[in-house]
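Here is a short report on one protein chain. It moves from the overall fold to selected helices and residues.

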Amino acid sequence: MSFGPQQADFPRIGLPVPKMRPAYDVVVIGSGYGAGVAACRMARTGHSVAVLEKGLERWPGEFPESVSDSLPEVHVSAPDETFETGKRNGLYHLYVGDDQNAFVGEGLGGTSLLNANVALRMDDLTERMDVWPPELKAEGLSRYYDRAEKMLRPTPYPEDWPTLKKLTTLERQANQLGSGYSDRFSRTPITVSFNDGLNAAGVYQHASTLTGNDCTGVNDGSKTTTLVTYIADAWNHGAEIFCSCEVTHVKYIESTQKWVVFFKWLQPGRQEFTDDFDTKPFFVLANAVFLGAGALGSTEIILRSKAMGLPVSDNVGRSYSGNGDILAFGYDLSAAECNAIGVGPNDPAKRPVTDQVGPCITGVIDMRNNPDVLKRYVIEEGVAPFALSPFLQTLFNLTPNKVSPSQNPIQAIVSLARVLQSRLGGPFVGALNRTMMYLIMSHDDNQGILSLQNNKLRISFEGVGDTTRVKQLHETLASMTVRSGGTFVPGPFYTPIAGDALITVHSIGGCAMGADGTTGVTNHKGQVFKYSDGRRKTDVHTGLYVVDGAVIPTAIGVNPFLTISAIAERTVELAARDRGWVINPRIITHPVDFKAPAYAPPRSQTDLYAIRNGFLTPAPAEGGIAFSEVMKGHFGTGVTSEDYEFADRQGRSSSTAMDVFLTIIAYDLHALVSLDDHSADIAGTVSCRALSDDPLLVCAGSRFRLFTRDLSHVSTENLAYDLNLLATDGTKYRFEGHKVVNSTAMFNAGLMWRATTTLYVTVTVAEDRGNLTAGTVTGRGILRLGVSDLVKELTGFAAWANLPENVNIPPRLARLRQQLAAFKIGAQFVTYFAANIAEHFLPPMLQYTGASKSTTYPTTSTEHVEWYASTRDGGQIRMHRWNAGRKGPILLVPGASVTYEIFATNLIPRNFVTFLTDRGYDVFSVDHRLSPTIRASKGQIAVESVRFDVEAAVSEVKRRTGCPNISAVVHCAGSVATFMGLLDGTITGLGHVVASQVAMHPVAATVNWVKAHLYLAPIVNRLLGVKYLDVHSTPRGLMQVAIDQVLRLYPVGQFSEICGSTVCHRSSLCFGVLWHHDNLNDALHSNLDKIMGGVNMTTLLQLIDMTIQKELLNVKREKVYVTADNARRNLK
């Protein structure tokens, strides 16, 4: 695959942290030269490998070039002053130390993204120094250098390419210094491609466009970084790569014999929670860990691990060196132009060939021929990246201790004119265009100290810049500059105010190799010593290696990355051999297909996309959202009942705290808000000392579900947190948390706040039966979201859009387009969230959508038989039977507006018919003329006519069973009709009757009593002409819609039970309270129209009259049923 400055679609090989597995065979920390080697070679053994990189994934074409783009990527830390500023995983990290400062690159590829590409081997005399372990000295590094060069393919700047003025200037200056210098000048091998084609890893690289911006990131695809070599090869062989992971420390678990790698996920939004971010890290388990986070990063990890209890040699942090690095400038050389400032965002092809800058370093004066190894050094020319060009003139003016040439008045005037020309015309003309940048690598005394202060790395190397050797090298550079008619300017930190401090881009040491723990931190294999003295001074930690510049015990007087790569190649070879693993020597001849690794098991399509700026993009979705959340509370152990309040009190009394620090990411907003699952990925940690001393890791497969219907409750939705948890000792838990949002919070902001910020938690020991399922309950608790944490959550909320890049759109317009699209995505989520909250906060104003109409439950397995029967007055009924045994028979008679389904509905887990048939009863039911499934129900019906339906039903039961007397359960209007028939003798053969709600003397609740006396039904009948009041939730016609609007605020029982269902409002108006919402589940409530119909006005008026008289009446309001004679004669 090709990529470069005109490539709109960049490869993506990183995975989102939520996709990280809980354990790997190998975890590699970092992605620079040492880590890249480890990742590549370990992946080629066929074992599972995870790479954790602090920075972001960037490919050529994505590196900042302008000042405005570069500044946000600067991260400055100065622990001695407890000062830190900038983006934590920014591309450029400047450590401000005591007399020694350091610059490192942070991104997928490490400092290789920003280095000057020089691939020189360490000289033999340095390699034979006594500080190296004897095993390494005996074997040497030659074949490992060969191996690294085979992958990185360094080559000198071609002779037949355009002449570079800075290279010519360096050669002329060497000649001016004399034969001792001129003989040592050469073109240095550099890891830059000068041809289009595949590299050793199968990645297509472009030929250099000579922009010179190597130190801020080259966008032309020519720079041979570890990203396009070792890391790409590791990915192609199955390594899983995760960016924005800042490793803090490691820990060994004896019981599982695994390493725990703790890291902070630098996901946007998480850092808002400062305390939780620093104290609740993620972790991943590994059998072997390779630290390759750079000399500073790896040493910081070992130092912090030691502070956390890991036994390590006391030498950790010592023998630090800046590799004798010196940065300086030769300003305004009168001899010639230098073209040593990087090309800006404009196309370099538009510059004249004679004005090309070239790669950062192309030449070297190699003075590593002195018999005294400590006096060996190299001088190289460099390029100031374009992003620094606006600051150079001011920097040169303010820097003290400059050395200027002697000038006559005319020369001084010409020099001043060149300065003015640069000020007015920019860095590519005048004095700045005649400025050389010098880089020296030499030997210092390796007496720097790395330590932790305020839990941050501190560099201390007192007096390193005030040595005789540094002054001598400054004098050499000054001589070179003055001879060329320029002004020598020391490095930006070499000032009296800064204490003559130096800056290095080649930090080494801190975990130096040694023969044992008394002299070093690691052995010749890179294994970490456990102890500093005693009989165990050679004991090492099994499976813990350091593979970067931290192991180098001395300054090596040359650019160190090739030496770091060679040592890493040796370390991983020995590590593989010790484990019996074989590193596949496969030679890559085909292009890497970034759609899927060639030599690894296939991944799911979702996993093939990586994080860009903290989010998954590009992806096949329109866009997504992410936010982080912290909730804190208490956890009661051993509470098995669902009494969360009791568990919370128990947790408080025992001071058992529980905190969760979670990040929810919906890569596809449409799936989150539109699909039934409403789920998103969730990652983070759960902290509870009752479960683990360390934070518990939220593992892959965990889901956050937004506004999922609670099928066991009405008008209730849950914000569900289903987490798979892993402890560092390997124990697995299931965490099931839910926030309950329902209509009890209607019109009450306080209750709505409580509903959306209170999480009810159940933790169980996980049972692994192919997938993690809940087992024994460990405990329960309640967690709450605080106001300050909510503010942080909202501050860190982020939305992004996955728009196809358009190279024809100017960058600023493209950014604006992206921002507007992201704003739209965020607005969609906020609207969805607000609408769902409003559904419960303002339920009468909204139509409740309810559960899916297809939500059903299994019912009785007994066969359901139906048939029709006739009544004595010419009517028709529908009969139902479930014959489950010899008990009974029992006849179930429903009320008005309902069918047999009130007894047999499949909308609840267990209905009445199932209850009876499970116990062996022969069960019957009837749909009478007031049931909506019977055509006659639409007409005007007197209640007493229903007694003929009940009579016919009783007769059918007796006929089919042969029983002279049967039992019956009669409900509401069905009960009224049944007792009318019993009292007047119409119905016979009932041996036992259970009456539900009403029998012979209707007694109304207060609301129904008021409605009856106000005669609301007759008023509706006369004013609106309504003959049949439909209670369905989907009424037709303007009249029905008008009735719906009138009933919006009609109470359904208590005020707190008001909901958005038209069925509830209409049925409550007709019949009063028929149910309490707590007794209904969501499926039944949202499908009431399946078992309820309407009522005709004749029936309704008759029921009203009975309510007023508190006695059974016929349609003429006559009291002909409840009489002493009827009772004596027919109710014996």
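The report below starts with the whole chain and then turns to local features.

**Overall fold**

This is a predicted model. The protein chain contains 30 helices and 43 strands. Its radius of gyration is 41 Å, well over the 32 Å that the globule rule gives for 1132 residues, so the chain is more spread out than a compact globule. Along the principal axes, the C-alpha atoms fill a box of roughly 140 × 70 × 55 Å.

Of the 1132 residues, 59% are buried. Take the contacts between residues at least 6 apart in sequence: 72% of them join residues at least 24 apart. The accessible surface comes to about 44300 Å². Carbon and sulfur atoms account for 54% of that surface. The chain carries 104 positive and 109 negative side chains. The centres of these two sets lie 6 Å apart.

**Two helices**

Helix α8 spans residues 227–236 and is mostly covered, with 10 of its 10 residues buried. Among them are L227, Y230, I231 and W235. The polar residues T229, D233 and N236 are buried as well. What do the buried residues of α8 pack against? Their partners are three helices, α1 (33–43), α5 (142–152) and α14 (561–579), and two strands, β9 (204–205) and β10 (240–242). G238 follows α8 and has a positive phi, near 105°.

Helix α15 covers residues 644–653. Here Y644, A647, D648 and G651 are buried. Viewed down the axis of α15, the buried residues fall within an arc of 100°, so they line one face of the helix. Just after α15 comes S655, with a positive phi of about 55°.

**R878 and Y900**

R878 sits in strand β37, residues 876–883. Its relative accessible area is 15%, so R878 counts as buried. Neighbours within four places in sequence are left aside in the contacts that follow. R878 is in contact with E866, W867, Y868, Y900, S925, V926, D927, T933 and I934.

Y900 lies in the loop between β38 (887–893) and α20 (901–904). Is Y900 buried or exposed? At 11% relative accessibility, Y900 is buried. Y900 is in contact with H864, E866, R878, H880, W882, P894, S925 and D927. E866, S925 and D927 thus appear in the contacts of both R878 and Y900. Y900 and H928 are 28 residues apart along the chain, and their C-alpha atoms are separated by 9.2 Å.

**I908 and V970**

I908 is in the loop between α20 and α21 (912–917). This residue is partly exposed, with a relative accessible area of 22%. I908 is in contact with Y857, N1081 and L1084, again leaving aside neighbours within four places in sequence. The C-alpha atoms of I908 and Y857 are 6.2 Å apart, across 51 residues of chain.

V970 belongs to strand β40, residues 966–971. Its relative accessibility is 0%, so V970 counts as buried. Beyond its neighbours within four places, V970 is in contact with V893, S975, T978, V993, V994, A995 and S996. V970 and S925 are 45 residues apart in sequence, with 10.0 Å between their C-alpha atoms. S925 is also a contact of R878.

The table sets out these four residues by place and accessibility.

| Residue | Place | Relative accessible area |
|---|---|---|
| R878 | strand β37 | 15%, buried |
| Y900 | loop between β38 and α20 | 11%, buried |
| I908 | loop between α20 and α21 | 22%, partly exposed |
| V970 | strand β40 | 0%, buried |

**Backbone geometry**

Most residues other than glycine have a negative phi, and most peptide bonds are trans. Some positions here depart from that pattern.

D332 has a positive phi, near 55°. D332 is found in the loop between β14 (326–331) and β15 (363–367). With 4% relative accessibility, D332 counts as buried.

F707 also takes a positive phi, near 55°. F707 is placed in strand β30, residues 703–709. F707 is buried, with a relative accessible area of 2%.

Which peptide bond is cis? The bond from G888 to P889 is cis, with omega near 0°. P889 lies in strand β38.

Conventions:
Residues are numbered from 1 along each chain as its sequence is written. This is a predicted model: local features need pLDDT of at least 70, side-chain atom pairs count only at pLDDT 80 or more; totals for chains, interfaces and linings use all residues. Side-chain values use heavy atoms; hydrogens and water are left out. Helices (H or I, at least four residues) and strands (E, at least two) are DSSP runs, numbered from the N terminus. The radius of gyration is taken over C-alpha atoms; the globule rule is 2.2 Å times the number of residues to the power 0.38. Buried means under 20% relative accessible area, exposed over 50%, partly exposed in between (1.4 Å probe, protein chains only). Contact means heavy atoms within 4.5 Å. Accessible areas come from the Shrake-Rupley method with a 1.4 Å probe; for residues, only the protein chains shown count as cover. Lys and Arg count as positive and Asp and Glu as negative; His and the chain ends are not counted. The place of a charge is taken as NZ of Lys, CZ of Arg, CG of Asp or CD of Glu. The arc is that of the directions from the helix axis to the C-beta atoms.
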